[in-house]
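Hi,

Here is the structure I promised to pass on. Have a look at it first, and my notes follow underneath.

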Amino acid sequence: SGLRRGGGATDVQGDGWGIGFFEGKGARLFRDPLPSAHSPLAEFMRTYPIHSLNVVAHIRKATEGSVALENTHPFMREQWGRHWLFAHNGHLPHFQPPLDGSFTPVGGTDSEWVFCWILQSLRQRFGATPPAPAELFDGLRELTLQFAELGICNFLLSNGEVMVAHCSTRLSYIVRQAPFGEAHLMDEDMTVDFRELTTPSDRVAVITSLPLTDNEAWVDMRPGTLWMFQDGEVVAQ
């Protein structure tokens, strides 16, 4: 509900929206260049029963590339037999390194170009063998340093096993675990009682540009930091 309202109703990001989530080794991806507040697909997603260990959602404010489906986040590619999802909040107009053709942008955004370059660079670094999460984090840290100071680059990247977040200007996160309580949305007069939706063994990490609720303690990530989440907790920073 908050995602839908944030795209064109309670905020200015009205240039499209998307959500991707993993189900086992597969991934479902829903994207629409319409503002999420006025998108029939977003209304459908509001009632869709998502059960996933990793979800990436994005509301777009266009800076590079036209308002079109091909420029709508999150972007998805295959690497090492896994789907990868990438969403970017920022602007990197001067970072366009050469691509070797292994991953090619479909649209005209700087975000998709960076995503293709990241996957290309990871393949060049690790070859045909997928890296362990710790090795992946080290590789992403070195790659992010190459463009982190060239613009704004808050991003989320997931392969269904881990979620990596880079805070360039602003990101916040919260980890919810037992004992669960109620959460009240900032953008809408809506309260969710997580005690009705969880089990005592559940743990959920939520990473956002801005806190989504006004009655919980969110952690502000420091600009210039890279984080890795797995199974609902921080495993590297």
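**Where the two helices meet**

In this predicted model, one face-to-face meeting is between helices α3 and α4: Trp117, Ile118, Ser121, Leu122, Arg125 and Phe126 of α3 are in contact with Glu135, Leu136, Asp138, Gly139, Leu140, Glu142 and Leu143 of α4. The α3 list makes sense if you remember how a helix is built. An α-helix has 3.6 residues a turn, so residues three or four places apart point the same way.

How do the two helices pack? The angle between α3 and α4 is about 125°, and their axes are 11 Å apart. That makes α3 oblique to α4, and the crossing is right-handed.

A bit more on α3 itself. This helix covers residues 110-126, 17 residues in total, and spans 24 Å from first C-alpha to last, close to the 24 Å expected at 1.5 Å a residue. Is α3 mostly covered or mostly open? Mostly covered: 13 of its 17 residues are buried. Right after the helix comes Gly127, which has a positive phi, near 65°.

**The six-stranded sheet**

Both helices also pack against strands, so here is the sheet in question. Six strands form an open sheet in the order β4-β5-β6-β7-β13-β14, paired antiparallel. At its edges are β4 (75-79) and β14 (233-236), and each of these pairs on one side only. On average, neighbouring strands here are turned by 30° against each other, ignoring direction.

At the β14 end, β13 and β14 run antiparallel and are joined by 3 bridges. Gln230 is the residue opposite Glu233 of β14.

As for the helices, α4 (residues 133-145) packs on this sheet and touches β5, β6, β7 (163-167), β13 and β14. The direction of α4 makes about 155° with that of β13. Meanwhile α3 lies across β4, β5 (82-91) and β6 (152-158), and runs at about 15° to β4.

**The three-stranded sheet**

There is also an open sheet of 3 strands, ordered β11-β8-β12 and antiparallel in its pairing. β11 (203-208) and β12 (219-220) are the edge strands with a single partner strand each, so one side of each has no neighbour in the sheet. β8 (residues 172-177) pairs with β12 in the antiparallel sense over 2 bridges, and Ser172 has Asp220 in β12 as its bridge partner.

**Two residues in one loop**

Last, the loop between β12 and β13, which holds both Met221 and Arg222. Which of them is buried, and which is exposed? Met221 is buried, because its relative accessible area is 4%, under the 20% cut-off. Arg222 counts as exposed because its relative accessibility is 57%, over the 50% cut-off.

What does Met221 touch? Leaving out residues up to four places away in sequence, its contacts are Ala165, Cys167, Leu171, Ser172, Tyr173, Ile207, Trp227 and Phe229. Ser172 is the residue bridged to Asp220.

Two distances in case you want to find your way around in the viewer. Arg222 and Leu145 are 77 residues apart in sequence and 15 Å apart in space, C-alpha to C-alpha. Met221 and Arg123 are 98 residues apart along the chain, with 29 Å between their C-alpha atoms.

Cheers

Terms used: Residues numbered from 1 in each chain as written. Predicted model: local features only at pLDDT ≥ 70, side-chain atom pairs only at ≥ 80, totals over all residues. Heavy atoms only, no water. Helix = DSSP H or I, 4+ residues; strand = E, 2+ residues; numbered from the N terminus. Expected span 1.5 Å × (residues − 1). Buried < 20%, exposed > 50% of the residue type's maximum accessible area, 1.4 Å probe, protein only. Pairing = 2+ DSSP bridges. Axes fitted to C-alpha atoms, helices over the stretch in contact; angles between N-to-C directions. Parallel < 35°, antiparallel > 145°, perpendicular 65-115°, else oblique. Left-handed = near helix turned anticlockwise from the far one by under 90°. Contact = heavy atoms within 4.5 Å.
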